[in-house]
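Trainee: Could you take me through the pockets of this model in detail?

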Amino acid sequence: CKRRGTTVELKAGAEMFTARAVEVIDPGFTAAMEWLRPEEVRLPHDFKEAGETYKLLRLEIKEGLTSPPQLLTEAELIDQMEKHGIGTDAS
């Protein structure tokens, strides 16, 4: 999976905030294994130049946890292998 990441650091008073965006450029193998594809996150503004000044209108803080993808069942695994021509009849 080929992706482009953007990090924006914002200063509001004495506080520093960081915003990160992820854009999938080429899904690669995640085209077949969509559950492994990173979630695209877009910034609400197209930041181009370092040092630009903006007026802060709203601040939202989100907190979350990551978790591993669920394992495939045997039937799902065989279905994916057949769909993508992986393996042999013996496997």
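Mentor: The two leading pockets are described in turn below, after a note on the model.

The model is predicted: local features need pLDDT of at least 70, side-chain atom pairs count only at pLDDT 80 or more, and totals for chains, interfaces and linings use all residues. Residues are numbered from 1 along each chain as its sequence is written, and side-chain values use heavy atoms, with hydrogens and water left out.

A pocket is an open set of points on a 1 Å grid over the protein atoms alone, where a 1.4 Å probe fits and protein lies on both sides within 12 Å along at least five of seven lines; lining residues have an atom within 4 Å of a point. The largest pocket holds about 1500 Å³ of space, a volume being the space filled by probe spheres set on the points, which are joined across faces, edges and corners. Its lining comprises 32 residues, and Leu 10, Thr 18, Ala 19, Leu 43 and Pro 44 lie nearest the centre. Strands S1 (2-12) and S2 each contribute at least two residues to this lining, strands being DSSP runs (E, at least two residues) numbered from the N terminus. By class, 17 lining residues are nonpolar (Ala, Val, Leu, Ile, Met, Phe, Trp, Tyr, Cys and Pro), eleven are charged (Asp, Glu, Lys and Arg) and four are polar (the others, Gly among them).

The second largest pocket has a volume of about 210 Å³. Among its lining residues are Arg 4, Thr 6, Ala 21, Val 22, Glu 23, Leu 43 and His 45. S2 provides the largest share of this lining, three residues. By class, the lining has five nonpolar, four charged and two polar residues.

Terms used:
Helices (H or I, at least four residues) and strands (E, at least two) are DSSP runs, numbered from the N terminus.
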